[in-house]
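Biologist: I should be grateful for a close look at one part of this model, with attention to its charged side chains. Please explain the reasoning in steps that a first-year student can follow.

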Amino acid sequence: SPPPPRNPASRLLPDRPHAPTRTPALTAHRKGDASPSNTPSPTDDLALPKAQSPSSSPRGGRRGRSLSRPPGGDEATAPNSTLGSAAADSALGGMATYELERRVAMLEQELDEAKEELRQRKIAHQSRSLSVARWDAVQELRGLVTVVDALSGEEGCPWTAEQEALDILSHAHDELDEIKEELVAESPERDGLVSELGDLLFNTILLVKICERDQIGGVTLAGCAAFARAKVRRRAPFVFAKLGDSGFRMGPKLTAEEASGLWKSVKQQEKAGLVPTCPPGWEFDRQDDA
């Protein structure tokens, strides 16, 4: 067919070969696409994006999962995850056990220190209590002696002034019987034994004072106390004697039978005149009396 008429303006341009016009679909088909239907349509840009399935998601459908997964999916990684979790749990458990043991050791140490401090406090308290009790006893004995001095003095009790040594001894025997009743009673009275022992102590000091008043045997309260103290120390050297005192050496702890035998042996020596019985410092008073 004859060529189409040219545009008059085209005469100014050089002649170019005429290229046939092809449609986009035909061009894509000739370039080797799978099918013309794969060619994007002009309206495809306006289409809404389709929802992607978990398998087509760039992140594998789960947050933080890699695009490449081993065959078998989550099941293939489960053993490794379990082992890692078990190791972490074991490490945490070991740390917790160590911390617990360390805390227990610290508490045990603090408890031992508290027990030792309590023991020291008890010892100090007992020592102070013993000192206080001893001081109280001395003070009360002094007070009792003062009372007996007032009763047996010239301005004292008329009844006490008429009493003799044997009368006071009879009263002392009565007090001994009352003390025995308190000791064997099934339901003793409250403070009954303390009261009866106090009466015996009172009569003992009063008997000493009556003998001192009547000048019997050179008796004095101080002398009686000194002789009694010296006698007990002499007959029980295993309690009071120290290494080097009178050539006596401390040996093993004695039994009750051995202690009683030693007491009787010293007593026999005293009666035989083999052991001095006068306390140190009282020899001059005995000489003056003689």
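Modeller: Glu 108 lies in helix α2, which covers residues 74-152. The model is predicted, and every value that follows is computed from it. With a relative accessible area of 49%, Glu 108 is partly exposed. To be called exposed, a residue needs a relative accessible area over 50%, so Glu 108, at 49%, remains in the partly exposed class. Together with Glu 110, Asp 112 and Glu 113, Glu 108 forms a negative surface patch.

Other charged side chains of helix α2 are paired. Arg 119 and Glu 116 meet in a salt bridge, with 2.9 Å from N to O. Why can these two side chains be considered together along the helix? Arg 119 and Glu 116 are three residues apart in helix α2, and therefore about one helical turn separates them. Both partners have some access to the surroundings: Arg 119 is partly exposed at 42% relative accessibility, and Glu 116 is partly exposed at 37%.

A second pair in helix α2 is Glu 117 and Arg 121, whose closest N and O atoms are 2.8 Å apart in a salt bridge. Here the spacing is four residues, which again means a separation of about one helical turn. Glu 117 is partly exposed, with 42% relative accessibility, whereas Arg 121 reaches 55% and counts as exposed.

For contrast, one may turn to a pair outside this helix. Glu 270 and Arg 235 also meet in a salt bridge, at 2.5 Å from N to O. This pair links distant parts of the chain: Glu 270 belongs to helix α8 (residues 256-271) and Arg 235 to helix α6 (residues 221-235), and the two are 35 residues apart. Are these partners buried or exposed? Glu 270 is buried, with a relative accessible area of 12%, and Arg 235 is likewise buried, at 8%. The limit for a buried residue is under 20%, so the value of 12% places Glu 270 in that class, and the value of 8% does so for Arg 235.

Salt bridges also occur as a network, which links Asp 149, Lys 209 and Glu 212. In the whole structure, a search finds eight salt bridges.

Helix α2 also has a part in the nonpolar interior. The largest nonpolar core has nine residues in all: Leu 144, Val 145, Val 148, Ala 165, Ile 168, Ile 205, Leu 206, Ile 210 and Cys 211. Two or more of these residues come from each of α2, α4 and α5. The largest share, four residues, is given by α5. As a general background, nonpolar side chains tend to be buried together in soluble globular proteins.

Two loop residues complete the view of the elements around this core. Asp 191 lies in the loop between α4 (165-184) and α5 (192-213). Although Asp 191 is not a glycine, its phi is positive, at about 65 degrees. Asp 191 is exposed, with 54% relative accessibility. Gln 215 is found in the loop between α5 and α6. This residue, too, is not a glycine, yet Gln 215 has a positive phi of about 55 degrees. At 70% relative accessibility, Gln 215 counts as exposed.

Notes:
Residues are numbered from 1 along each chain as its sequence is written. This is a predicted model: local features need pLDDT of at least 70, side-chain atom pairs count only at pLDDT 80 or more; totals for chains, interfaces and linings use all residues. Side-chain values use heavy atoms; hydrogens and water are left out. Patches are made of residues with over 30% relative accessible area and no salt bridge: like charges are joined within 9 Å, nonpolar side chains (Val, Leu, Ile, Met, Phe, Trp, Tyr) within 5 Å. Accessible areas come from the Shrake-Rupley method with a 1.4 Å probe; for residues, only the protein chains shown count as cover. A salt bridge is a side-chain nitrogen of Lys or Arg within 4 Å of a carboxyl oxygen of Asp or Glu. Lys and Arg count as positive and Asp and Glu as negative; His and the chain ends are not counted. The place of a charge is taken as NZ of Lys, CZ of Arg, CG of Asp or CD of Glu. Buried means under 20% relative accessible area, exposed over 50%, partly exposed in between (1.4 Å probe, protein chains only). A nonpolar core is a set of buried Ala, Val, Leu, Ile, Met, Phe, Trp, Tyr and Cys residues joined through side-chain atoms within 4.5 Å.
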